[in-house]
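I opened a fresh page for this complex and went through it one piece at a time. Here are my notes, in the order in which I looked things up.

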Amino acid sequence: MTDATDLTRFEDVALPLLADVSRFAFSLTRDADEADDLVQETYLKAFRAWRTFSPGTNARSWLFTICKNTFRRRFRREKLRPDIEKEAVGDDDALPIVMSHANAEQMGLGDLFDRLDVGPALERGMDDLPELFREIVALVDLEGFSYHEAAEILEVPVGTVRSRLFRARRRLQDHLIEQARDMGLGSGRGGES
Amino acid sequence: MSDDKKVRDCESVVRALWDFLDAELDDATAAEINVHLDACGDCRSHADFEQRLVDELAGLRRENADPDALRERVRAALREAGAGG
């Protein structure tokens, strides 16, 4: 049960975070109208759960967790990918990052960030990312959460956050390299990664 | 190589590179990485390439086109829910 005082307190805490939740909702849905729907549903659920919120804890993380869960239950278009869900966790996920760079260098694209219209290319790359990868990029790279905070929001171990994040970034780098190559930038032969 | 100052090899630096760029390492480890990057052109080049990606991704933050309308919509929904108990 909630009352008018609860509503006032909830609004005081939650509404200042609306822009943050809205950005995250867009990152998840990639659609402005769906994002607004997701934000509204997130806030309604959060209000219903307001009395479970511990004052002094991180309201932003709390709202992001509800937003993520709401997206997964109501808006998710993809089935969970078993190959991503059961991913191995380890430092080996960090090693391939230099392979993208080495591949770019080999193709004469070591300076692709200076030669490619990177923003639109990355937007397309985000569209193509599996949702589990997109949500971790949104949390860490766009919203600035630490690995630990992202792990709490996603309710997974920190090792899973690192694994997904590194693999997502690798995909985005490879996407940029592919876009640059399609545009005729670069030279030489690239190796397959 | 002194006892109190580890010299990192390229592989260990590469393994820690994302954690380094994301400021996830403790100060001592980050300092070791910095020492290596100052001396190793290949690893510095990798780090710069990865940093550019992180910087560009941060630029993808998209603000709501009409935040006032969304705020009013959410407030109205909350008040309706509040009125219903």
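**Entry 1: Arg8 of chain B**

I began with Arg8(B) and set aside its neighbours within four places in sequence; the residues I then found in contact with Arg8(B) are Val13(B), Glu32(B), Ile33(B) and His36(B). A reminder to myself before going further: this is a predicted model.

Where along chain B does Arg8(B) sit? I placed Arg8(B) in the segment before α1 (10–15) of chain B. I then looked up how many C-beta neighbours Arg8(B) has inside 10 Å and got 18. The cut-offs are 20 or more for buried and 12 or fewer for exposed, so Arg8(B), with 18, counts as partly exposed.

I also took a distance from Arg8(B) to Asp19(B): the two are 11 residues apart along the chain, and their C-alpha atoms are separated by 15 Å.

**Entry 2: Ala76 of chain B**

Next I went to Ala76(B), which I found in helix α5 (residues 67–83) of chain B. Is Ala76(B) buried or exposed? Ala76(B) counts as exposed, because I found 11 C-beta neighbours inside 10 Å and the limit for exposed is 12 or fewer.

I used Asp19(B) as the reference point here too. Ala76(B) and Asp19(B) are 57 residues apart in sequence, and I got 43 Å between them in space, C-alpha to C-alpha.

**Entry 3: the two chains in outline**

I stepped back to list the secondary structure. For chain A I noted 11 helices and zero strands. Chain B has five helices and, again, zero strands, so to speak a run of α-α-α-α-α from the N terminus on.

What share of each chain counts as buried? For chain A I have 41% of the 193 residues, and for chain B 24% of the 85 residues.

I looked at contact range as well, keeping to contacts with a separation of 6 or more. In chain A, residues 24 or more positions apart account for 77% of these contacts; in chain B, the figure I wrote down is 55%.

**Entry 4: where the chains meet**

I turned to the interface and found 40 residues of chain A in contact with 32 residues of chain B. On the chain A side, the elements that give two or more residues are α1 (4–14), α2 (18–29), α3 (32–48), α6 (96–106), α8 (118–128), α9 (131–142) and α11 (158–182). Which of the elements gives the most? My note says α3(A), with seven residues. I sorted this side of chain A by class and got 26 nonpolar, seven polar and seven charged residues.

**Entry 5: the domains of chain A**

Chain A is divided into domain 1 (4–75) and domain 2 (84–182). I took the centres over C-alpha atoms and found 26 Å separating the two domains. Their contact takes 10 residues from domain 1 and 10 residues from domain 2.

On the domain 1 side, α2 and α4 (59–75) each supply at least two residues. I marked α2(A) as giving the most to this side, with five residues. The class split I wrote down for the domain 1 side is three nonpolar, three polar and four charged.

**Entry 6: α2 against α9**

I followed α2(A) to its packing with α9(A). I have an angle of about 150° for the pair, with the axes 9 Å apart, and the crossing is right-handed. From α2(A), the contact is made by Arg23(A), Phe24(A), Ser27(A) and Leu28(A); from α9(A), by Arg134(A), Glu135(A), Ala138(A) and Leu142(A). By class I count four nonpolar, one polar and three charged residues in this contact.

**Entry 7: the nonpolar core**

My last look was at the largest nonpolar core, which has 64 residues. Which of them touch the most other members? I listed Ala25(A), Cys67(A), Ile136(A), Val137(A), Ala150(A) and Leu176(A). This core draws at least three residues from each of domain 1 and domain 2 of chain A.

I picked Cys67(A) for a closer check. Leaving aside neighbours within four places in sequence, I found Cys67(A) in contact with Val21(A), Phe24(A), Ala25(A), Leu38(A) and Thr42(A). Phe24(A) was already in my notes, from the contact of α2(A) with α9(A).

Note on methods: Residues numbered from 1 in each chain as written. Chains lettered and ligands numbered in written order. Predicted model: local features only at pLDDT ≥ 70, side-chain atom pairs only at ≥ 80, totals over all residues. Contact = placed C-beta atoms within 7 Å. Helix = DSSP H or I, 4+ residues; strand = E, 2+ residues; numbered from the N terminus. Nonpolar A, V, L, I, M, F, W, Y, C, P; charged D, E, K, R; others polar. Axes fitted to C-alpha atoms, helices over the stretch in contact; angles between N-to-C directions. Left-handed = near helix turned anticlockwise from the far one by under 90°. Domains from an automatic or database assignment. Core = buried A, V, L, I, M, F, W, Y, C linked by C-beta atoms within 7 Å.
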